[in-house]
Amino acid sequence: MGTRAPGRRRRAAETDHFFCWSNCASKTIALEGKSSVADFMIIASGQSPRHLRALSERLVEAMHKAKVRVLSVEGLKAGDWVLVDLGDIVVHIMQPAIRAYYRLEEIWGDKEVKLGAAKRSAGTARKASQKAASDGTQAPAKTAAKKTP
């Protein structure tokens, strides 16, 4: 964090600009004072597993061109939540149902976390999973699992 923060802020702004250019809903959250893991978190949405993979692959290419080191990319196989670790910036690319369920903006942002919203989000994600199963399409991996007694 310290003295290199202006460069990190610029890099976070450039990364967020990538998602604006890609027509994705994104939000940048400053993690200063909240986490020692990263300085910024960017949360973006994609509409399908293929869309998430394409966004993450294009982001990695853009970071390589900008000489930014990509530490790791996780979640490409599942396709419902992809995490791109850029060191001081962590990028989450999620399908809308997963984003609504985990509500990272509320947890890491300045908003108060509302517990009732978690139940509504879980119900929405569960309904989307059930609808996908009945349509014969693939449901998001994290919301498709059922609780066992």
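A residue is called buried here when its relative accessible area is under 20%, exposed when over 50%, and partly exposed in between (1.4 Å probe, protein chains only). The model is predicted, so local features need pLDDT of at least 70 and side-chain atom pairs count only at pLDDT 80 or more, while totals for chains, interfaces and linings use all residues. Residues are numbered from 1 along each chain as its sequence is written, and side-chain values use heavy atoms, with hydrogens and water left out.

A good place to start is helix α2, residues 49–65; helices (H or I, at least four residues) and strands (E, at least two) are DSSP runs numbered from the N terminus. Its buried residues are Leu52, Leu55, Ser56, Leu59, Val60 and Met63. Viewed down the axis of α2, the buried residues fall within an arc of 135 degrees (taken from the directions from the helix axis to the C-beta atoms), so they line one face of the helix. Exposed Arg50 and Lys65 sit on the face turned away from that buried side. Just after α2, Lys67 has a positive phi of about 65 degrees.

Aromatic rings offer a second point of interest. The structure holds 2 aromatic pairs, where rings of Phe, Tyr and Trp (its six-membered ring) pair if their centres lie within 6.5 Å, and planes under 30 degrees apart count as stacked, over 60 as edge-to-face and the rest as tilted. Trp81 and Tyr102 make a tilted pair, 5.0 Å centre to centre with 50 degrees between the planes. This pair links distant parts of the chain, with Trp81 in strand β4 and Tyr102 in helix α3, 21 residues apart.

Technical notes: The expected span of a helix is 1.5 Å times one less than its number of residues.
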